[in-house]
Amino acid sequence: MISQLKRYDLSLATAGFLVLLWAFFIAFMLYPLSFVLANAFFTDKGFSLVFFKLMLWSPDYTLILANSINLGLLVTLFTTLLSVPLAFLVVRYEFPGKGLLNGLILIPLVLPPFVGAIGMRQLLARFGSVNLLLIYMGVIDQPIDWFGGGFGAVVLLEVLHLYPIMYLNLAAALANVDPNLEEAARNMGASGLKLFRTVTFPLMLPGYFAGAIIVFIWAFTELGTPLILGYRKLIAVQIFNMVTDLHQNPMGYALVVAVIALTLVFFYVSKRLIGGAGYGMMGRGHVGSAIRPASASLTVLTYAVVLGISCVALIPHFGVLLTSIAGRWFLSVLPGEYTFKFYREVFTHDLTLLSIKNSLFFSTLSTMIDIVLGVTIAYLLTRKRVPGRNLLDALAMLPLALPGLVMAFGYVAAFSATPLDARINPVPLLVVAYAVRRLPYMVRSAYAGFQQTSVALEEAAMNLGASPLKTLYQITFPLVFANLVAGAILCFSFAMLEVSDSLILALKQQNYPITKAIYALMGRVADGPYIASAMGILGLVLLAVSLFMASHFFGRRMGELFRA
Amino acid sequence: MVSVKFDRVVKVLGQSRAVDGLTLEIKAGELFFLLGPSGSGKTTALRLAAGFYAPDEGKIFFNERDQSGVPPHKRNTGMVFQNYALWPHMDVWNNVAYGLKMRGVSKEEKKKRVRQALETVRMEAYMDRLPNQLSGGQQQRVALARALVIEPDVILLDEPLSNLDAKLRLEMRAQIKDIHRQIAHTMIYVTHDQAEALSMADRIAVMRGGRIVQVGTPRELYTRAESAFVAEFIGGTNLLPGTLEEHGDLLSVRTRVGLLRASNGVKGVAKGDAVFCSVRPESVHLSILKEPRLEILNELTGEVQSIMYLGDSEQYSVRLADGTLVHAVEYNPTVSKAQVGDRVSLELDPRDVMVLAREQPGD
C-alpha cells in the first residue's frame with residue numbers, strides 16, 4: 001500500500017485539493033446523474049422499464065426522438081458541407097486580409113441562436129417581412145410557410161450558429177496534416193480530389209469527429225431556439241415542460257436517460273469511426289509549407305463565400321436589431337417607426353433590470369468557481385502524479401459531452417426537498433450549473449498554459465531558493481496569466497447567455513437571469529418582444545466583446561476549446 | 001531509367017538562395033549522392049527533382065525531357081521521405097499499392113507487384129500491419145518498397161537512414177546498395193553522412209551554400225579533394241596554412257613550423273599563393289622523438305595533448321611549437337605509441353600531402 005502511494009505526489013495540500021475536487025464532482029455531477037438514472041428505472045414497485053416502453057411504443061415520443069436526432073444529424077451534415085471548403089480555402093491559401101476573414105467566419109459563434117430566433121420570427125413569420133415583401137412585389141399571393149412547421153427554422157438557425165465550431169476543428173485538423181504525407185501521395189501520382197479523398201480527409205477525420213460530436217450534441221439538445229420559435233416536437237422541449245411536474249410524471253426521467261444514452265451512442269460511434277487512432281505525427285522531416293498564395297480569382301471566390309455565409313448568418317440578428325428599435329412593426333416589411341425607448345426600458349423595467357443584475361452576479365460567482373477548480377485541476381493534471389488522474393481529466397471534460405439540459409434536469413430532481421431545492425432558492429444551483437457547464441473551457445485554457453510553460457522555469461526558481469508556493473505565485477501564474485484571463489472571459493460570457501440551465505433552474509421570477517427574462521418577455525403580448533430584442537442585442541454585444549478579447553489571448557488556438 | 005540534368009537551377013526559399021545555380025548531370029542507372037552539411041541545399045535540390053518546388057531559374061531534364069511545369073504526380077519519381085511519410089490510416093499493403101492504384105494497374109498485376117516489392121525489402125510478412133505497429137527500420141523498408149513498386153524513372157531518397165540507429169543504418173546501407181544493383185534504377189540520394197556516401201555511391205556531389213563544390217567518385221573525392229572544405233567534410237584532415245614557395249616536381253610550402261614538401265597540388269595554385277597543406281590523420285606517422293635527432297624531410301615535432309582510444313584505432317592530438325593542433329591516427333593500436341605529454345615526431349610522406357588553395361573569407 002505504501003509503495004503504491006509512493007508512485008504519486010501526495011502532499012497534504014495535494015490530497016486536500018483532490019478530496020475537495022472529488023467531493024464537488026460527486027455532489028454536482030455523479031449524484032444528480034445517478035439520481036436521474038435511478039428514477040428512470042425504478043418505480044415504487046422496483047426495477048421497471050415501463051417508461052421506456054411507453055416512450056418507444058408511443059408514436060408521439062418516437063416522433064419526438066426521431067426529430068431530435070434528425071436535427072442533430074442535419075445540423076452536423078450542413079455545418080460540415082459549409083465548413084470543409086471554408087477550412088480548405090483559409091488554411092491552404094495565403095491571401096490579403098486572411099486574418100480579417102478568419103475573424104468574420106467566427107462571428108456567428110457570438111450570436112446566440114435563441115436571440116436570432118426572435119428576429120427570424122419577425123422576418124419569416126406567416127405575415128413577416130419576407131412574405132409581405134413577396135406579396136407586395138406580386139411574386140406570391142399566399143404567404144409561404146418558411147419554417148417547415150418550425151423544424152426547418154431550428155435547423156437553419158443552428159447551422160448558422162454552429163458552423164464556426166465545425167470550421168475551427170476542421171481548420172485545425174487540416175493544418176495538422178503532415179505535409180509530407182500529402183507530398184508522398186502526389187509523388188505516387190495522386191492529385192486534386194483523389195488526393196483529398198484518399199489521404200488528406202482520412203487524416204483529418206479524428207479532428208473532424210472531435211468537432212462533429214460537439215456540434216451534434218449542441219443541436220440535439222438545443223432548447224432556447226425551438227422554444228422561442230414555438231416548435232415543441234423536440235425532446236429538449238419535452239424535458240423542459242416536464243420539469244414543473246417532476247413528481248407526478250416520471251416520464252421526464254426516462255427522456256433524460258434517453259438523451260444520455262443517445263449522446264453516449266453517438267460519442268461511441270464517433271470514436272469508433274476514428275478507430276481509436278489519433279494519428280500521432282511521426283518524426284517530422286523536411287516540412288515543405290503547404291500554404292500557397294491564392295490567385296486573384298480564388299481570392300475573390302474566397303471573399304465571396306465567406307462574406308456570403310456571414311451575411312446569411314447575420315440576417316436573423318439583423319431582424320433582432322430592427323425589432324429592438326422598431327416603434328411599431330406590424331404587417332409591414334420594415335418597422336413603421338423607429339425608437340430607442342426599448343433600450344431605455346431594459347434599464348428601467350423591473351424584470352429586465354433585475355435579470356441583468358442577476359446574470360452579472362451569477363456569472364461572476366460561477367466564473368470564480370471555474371477559476372479555482374479549473375486552475376487546480378489543470379495544475380494537478382500537468383504538474384503532479386495523482387491517483388485517478390485519467391478519471392479526473394474525463395470528469396472535468398464531461399460537461400462538454402453532457403447536454404446542459406440533462407445536468408439542469410438532474411439538479412432540479414436530485415436536490416428537491418434539500419437545502420438546495422431550486423423551487424425554494426435556485427441561486428446556488430444556478431451558479432453551480434453555470435460553473436460546471438463551462439468548467440472544461442477553464443481547464444483547457446489553464447492546461448494549455450501549464451503545458452506551454454516549461455517545468456524547468458519553475459525548477460530554476462526553486463533551485464535558487466523559492467518555495468513551491470512562491471514559485472507558483474511568482475513564476476507559474478504570471479506565465480499562464482493570459483490563458484487564465486482568456487478562459488475566465490469565456491466562462492463569464494457563456495454563463496451570461498447560458499440558456500438551458502437558466503430556463504430550467506430559474507424557477508422564480510426574482511431570480512431570472514437575462515436569458516430567462518428574454519424568454520418570459522417573448523410570451524408577453526404587448527411590448528414584450530421589442531424589449532426582449534433590445535436585451536438580446538445587449539447580450540450579443542457583451543458576448544461579442546468578450547469573445548473578441550478571448551480570441552485575442554488565444555490567437556489561433558481558439559479551436560482547441562470546442563472539441564471533444 | 002533516365003538521366004537527370006540540372007541546368008543552372010536557382011531556387012529561392014524565404015530570404016536565401018537555397019539552390020544557387022546548380023548544374024549537374026546524373027547518368028542513367030547511377031546511384032548518385034548529394035552530400036553536404038545542413039542548409040547546403042541538397043534536400044531542396046531533391047525536392048526540385050520531385051517537382052515539389054518549381055525552379056526560379058534554370059531547368060531540370062529527365063533524359064532530354066524538360067520537366068518545367070510537370071506537376072509532382074506526373075513526374076513518375078519514387079521518393080523516400082526522411083520521416084518515411086507512411087500514411088498512418090493505411091496498412092502496409094495499401095501504402096505500397098497506392099501508387100499502382102493511381103496508375104490504374106490491374107488487380108492481378110497490382111497484387112503481384114506489391115508482393116514482389118515487399119519481398120525485395122523483406123517485408124512480405126507485415127502486409128496487414130499499420131505503420132505505427134512497425135519499427136523504424138521496418139517503416140523505412142516499407143517506404144522504400146512504396147517507391148520501388150511503381151518502377152519510377154528516378155528514385156529519390158531524402159536522408160532515408162537518418163532516423164535509424166547505428167547498427168540498422170549499416171544493414172540498410174548494404175540493402176539499398178543491393179537493391180540498386182538488382183534493379184539498376186537511377187537513384188538520387190541525399191545525406192549529410194559522409195561515411196554513407198563513401199560506402200554506397202557511384203558518384204558524389206558535395207554541396208555547400210546551394211552550390212556544388214566538387215563531383216566525383218568516392219575515391220576521387222577522398223584522395224584528391226580539391227578544396228579544404230571537401231577535405232575536411234569528407235574524412236577530416238589536418239590543414240597547415242603556409243605560402244607556396246616552389247612549384248616544380250615537388251611543391252614546397254613555407255609554414256610556420258617549417259618547410260613542407262608535397263607531390264600533389266590542386267590546379268591553379270601558383271608561387272606566392274596562400275595555401276593549405278592538407279594531410280589526412282592516418283597519413284601522419286607518429287613516433288617518440290629521439291635525441292640526438294637528424295633533420296628529416298617533412299618532419300614536425302610537438303607534444304601529445306590528448307589521446308582518444310576508439311578500439312579499432314587510436315587518435316593522437318599533437319600540439320606543435322606554434323600552437324597548431326595536428327591529429328594522427330594509428331589503426332589496430334595493440335600498444336600505445338606515446339603518452340600524453342610525450343614529445344613526439346610526426347613524419348609526413350610528400351605523396352600524402354596535398355596543397356590546396358586557401359579560400360578567401362566569404363568565398
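Let me start with V4(B), whose bridge partner in strand 4 of chain B is F62(B), and with K5(B), whose bridge partner in that strand is F61(B). What we are looking at is a predicted model, so please take everything I say as a description of computed coordinates. These bridges belong to the pairing of strand 1, residues 4-13 of chain B, with strand 4, residues 57-62 of chain B, which runs in the antiparallel sense over five bridges.

If we carry on from F61(B), we find that its bridge partner in strand 5 of chain B is D66(B). Strand 5 covers residues 65-66, and it pairs with strand 4 of chain B in the antiparallel sense over two bridges. Strands 4 and 5 of chain B form a hairpin with two residues between them, and in that turn N63(B) has a positive phi of about 50 degrees.

How many strands form the open sheet, and in what order do they come? There are four, in the order 2-1-4-5 of chain B, with antiparallel pairing. Strand 2, residues 16-26, and strand 5 of chain B stand at the edges, and because each has a single partner strand, one side of each is left without a neighbour in the sheet. As a general remark, the side chains of a regular strand alternate between the two faces of the sheet.

Staying with chain B, I would like to point out two loop residues that have a positive phi without being glycine. A85(B) has a phi near 50 degrees, and A85(B) sits in the loop between strand 6, residues 77-80, and helix 2, residues 92-102, of chain B. Is A85(B) buried or exposed? A85(B) counts as buried, because 26 C-beta neighbours lie inside 10 Å. E151(B) has a positive phi of about 45 degrees, and E151(B) is found in the loop between helix 4, residues 136-149, and strand 7, residues 154-158, of chain B. E151(B) has 17 other C-beta atoms within 10 Å, and is therefore partly exposed.

On confidence, the mean pLDDT of chain B is 89, with 98% of its residues reaching 70 or more, and for the complex the predictor gives an ipTM of 0.74 and a pTM of 0.76. Where pLDDT is low, the predicted coordinates should not be read in detail.

Now to chain A, and to its helix 2, residues 12-41. At 1.5 Å a residue, the 30 residues of helix 2 of chain A should span 44 Å, and since its end C-alpha atoms are 41 Å apart, the two values agree. Helix 2 of chain A nevertheless has a kink of about 40 degrees, centred on I26(A). The buried residues of this helix include L18(A), F25(A), F28(A) and P32(A).

Helix 17 of chain A, residues 389-401, can be checked in the same manner. Its 13 residues should span 18 Å at 1.5 Å a residue, and because its end C-alpha atoms are 19 Å apart, the model agrees with that expectation. This helix has a kink of about 30 degrees at L395(A), shortly before the proline P399(A). A396(A), P399(A) and L400(A) are buried in helix 17 of chain A, and what covers the buried residues of this helix includes helix 10 (192-220), helix 16 (350-383) and helix 19 (427-452) of chain A.

Why does L400(A) count as buried? It does so because it has 21 C-beta neighbours inside 10 Å, where the cut-off for a buried residue is 20 or more. L400(A) and P440(A) are 40 residues apart in sequence, and their C-alpha atoms are 6.7 Å apart in space.

Turning to the interior, the largest nonpolar core has 263 residues, and those with the most contacts inside it are L505(A) and I188(B). Helix 8 of chain A, residues 151-176, contributes the largest share of this core, 18 residues. Leaving aside residues up to four places away in sequence, L505(A) touches several residues, among them A408(A), Y411(A), V412(A) and L429(A).

Finally, where do the chains meet? In this model, 23 residues of chain A are in contact with 24 residues of chain B. Helix 9, residues 179-187, and helix 10 of chain A each supply at least two residues of the side of chain A that touches chain B, and helix 9 of chain A gives the most to that side, with seven residues.

Key: Residues are numbered from 1 along each chain as its sequence is written. Chains are lettered from A and ligands numbered from 1 in the order in which they are written. This is a predicted model: local features need pLDDT of at least 70, side-chain atom pairs count only at pLDDT 80 or more; totals for chains, interfaces and linings use all residues. Two strands pair if DSSP finds at least two bridges between them. The expected span of a helix is 1.5 Å times one less than its number of residues. The bend at a residue is the angle between axes fitted to the seven residues ending there and the seven starting there. A residue is buried if 20 or more other C-beta atoms lie within 10 Å of its own, exposed if 12 or fewer, and partly exposed in between; C-beta atoms are placed from the backbone. A nonpolar core is a set of buried Ala, Val, Leu, Ile, Met, Phe, Trp, Tyr and Cys residues joined through C-beta atoms within 7 Å. Two residues are in contact if their C-beta atoms, placed from the backbone, lie within 7 Å. pLDDT is the predictor's confidence in each residue, from 0 to 100.
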